[in-house]
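Open the model in your viewer and keep the sequence beside it. This tour tells you what to select at each stop.

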Amino acid sequence: MNTYNKLLAMSRTKANYFCLIDPDKIDREKAVYTAKMCEDNGADGILVGSSIMLTTNFESNLKAINESVNIPVLIFPGIFNFVSRYADAILLLSVVSSRNPQMLIGEQVRAAPQIKEYNLEAIGTAYMLIESGQNTSVNYMSGSFPIPRDKTDIAVAHALASQYLGMRVLYLDAGSGAIHPVSDGMIRAIRENIELPIFLGGGIKTPEIALEKAKAGADFIVTGNILEKKLDPQFIRAFADAIHSVKRND
């Protein structure tokens with residue numbers, strides 16, 4: 001079974017928890033330690049990526065992470081030199097909330113030959129940046145205006161267009177360090193209108209918030225920034241238990 005079909009199967013039974021590891025901020029030993037802690041305490045998968053790389057840690061950390069865990073390890077590219085043979089798949093993002101052609105198709109064209117060369121599974125992902133109360137790294141690096149957090153109709157229209165265009169996953173992101181996560185109302189409205197699996201990240205600071213977002217309809221809840229501040233097994237387990245408590249109808 002390929003990685004995408006595994007994600008589909010996971011999303012049909014319960015809400016799931018993914019940990020985001022930024023390879024630019026830690027060394028190989030810390031990357032492995034973090035990934036194993038996440039797996040041992042209930043995480044269903046690992047995302048590896050960053051908005052910008054100031055070091056050369058990406059590929060070595062990714063390889064070490066993937067060799068140390070038995071859960072899916074996905075590349076979550078901020079920029080498209082983030083392609084490697086050492087992942088189970090790459091979320092091939094198109095920033096559909098943007099009007100910047102480089103983020104819609106340009107970076108993906110640059111990445112495509114390398115993806116083919118590595119025979120890396122690519123999961124077409126409609127990435128929607130949602131306003132979070134402050135300017136975030138992804139906002140700046142992508143040269144994109146986020147969708148206003150109170151404009152649910154605009155978000156739903158973008159999600160529908162993504163599904164009609166054949167995207168296989170929707171990723172709603174308030175961005176790293178977000179003040180406000182994507183609202184329950186926006187998640188719920190999108191869930192009612194599309195059938196794609198929904199990833200959700202940005203501003204998920206507590207297990208209680210994660211639970212709310214899973215109940216609203218997000219299939220994969222992602223935490224990253226908060227774990228950099230508080231890397232604690234009990235904290236990770238609390239996130240996993242809260243998220244897993246939300247069951248889906250198969």
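The stops below run from the whole chain to helices, single residues and empty spaces.

**Stop 1: the whole chain**

Show everything as a cartoon. Remember that this is a predicted model. The protein chain has 10 helices and 8 strands. Its C-alpha atoms fill a box of roughly 45 × 40 × 35 Å along the principal axes.

How does the radius of gyration compare with that of a compact globule? For 250 residues, a compact globule would have a value near 18 Å; this chain has 16 Å, which agrees.

Now colour by burial. Buried residues make up 56% of the 250 residues. Then think about contacts between residues at least 6 apart in sequence. Of these, 74% join residues at least 24 apart.

**Stop 2: helix α1**

Select residues 3-13, which form helix α1. Its buried residues are Thr3, Tyr4, Leu7, Leu8, Met10 and Ser11. Where do they sit around the axis? They cover an arc of only 165°, which puts them on the same side of α1. There is a general pattern behind this view. An α-helix has 3.6 residues a turn, so residues three or four places apart point the same way.

**Stop 3: helix α2**

Move to residues 28-40, helix α2. Pick Ala31, which is in this helix. Is Ala31 buried or exposed? Its relative accessibility is 0%, so Ala31 counts as buried. Show its surroundings. Leaving aside neighbours within four places in sequence, Ala31 is in contact with Ile21, Ile26, Asn61 and Ile65. Draw a distance from Ala31 to Ile21, C-alpha to C-alpha: the two are 7.4 Å apart in space and 10 residues apart in sequence.

Next select Tyr33, also placed in helix α2. Tyr33 has 47% relative accessibility, so it counts as partly exposed. Its C-alpha lies 11 Å from that of Asn61, a residue 28 places away in sequence.

**Stop 4: the second largest pocket**

Stay with α2 and turn on the surface. The second largest pocket has a volume of about 190 Å³. It is lined by 13 residues, and the closest to its centre are Ile26, Thr34, Leu227, Glu228 and Leu231. Which elements each supply at least two residues of the lining? They include β1 (16-21), α2 and α9 (225-229). By class, the lining has 7 nonpolar, 2 polar and 4 charged residues.

**Stop 5: helix α4 and the loop after it**

Select residues 101-118, helix α4. Ala111 lies in this helix. With a relative accessible area of 1%, Ala111 is buried. Add Phe82 to the selection. The C-alpha atoms of Ala111 and Phe82 are separated by 8.4 Å, while the residues are 29 apart along the chain.

Now step to Asn119, in the loop between α4 and β5. Asn119 is exposed, with a relative accessible area of 72%. Check its backbone too. Most residues other than glycine have a negative phi. Phi of Asn119 is near 55°, a positive value.

**Stop 6: Ser132 and the cavity**

Follow the chain through β5 (122-129) and into the loop that leads to α5 (137-142). Ser132 lies in that loop. At 1% relative accessibility, Ser132 counts as buried. Setting aside residues up to four places away in sequence, Ser132 touches Ala174, Ala178, Ile179 and His180.

Ser132 also helps to line the largest cavity. How many cavities of 30 Å³ or more does the structure hold? It holds 1. About 30 Å³ of space lies in the largest cavity. Select its full lining: Leu129, Ile130, Glu131, Ser132, Gln134, Thr136, Asn139, Pro146 and Ala174. By class, that gives 4 nonpolar, 4 polar and 1 charged residues.

**Stop 7: helix α7**

Finish at residues 184-193, helix α7. Colour its buried residues: Met186, Ile187, Ala189 and Ile190. Look down the axis of α7. These residues fall within an arc of 165°, so they line one face of the helix. What do they pack against? Their partners are β5, α6 (152-164), β6 (169-173), β7 (198-201) and α8 (207-216). Show those elements together with α7 for a last view.

How values were computed
Residues numbered from 1 in each chain as written. Predicted model: local features only at pLDDT ≥ 70, side-chain atom pairs only at ≥ 80, totals over all residues. Heavy atoms only, no water. Helix = DSSP H or I, 4+ residues; strand = E, 2+ residues; numbered from the N terminus. Buried < 20%, exposed > 50% of the residue type's maximum accessible area, 1.4 Å probe, protein only. Contact = heavy atoms within 4.5 Å. Arc of directions from axis to C-beta. 1 Å grid on protein atoms, 1.4 Å probe; cavity = no way out; pocket = protein on both sides within 12 Å on 5 of 7 lines; lining within 4 Å. Points joined across faces, edges and corners; volume = space filled by probe spheres on them. Nonpolar A, V, L, I, M, F, W, Y, C, P; charged D, E, K, R; others polar. Rg over C-alpha atoms; globule rule 2.2 N^0.38 Å.
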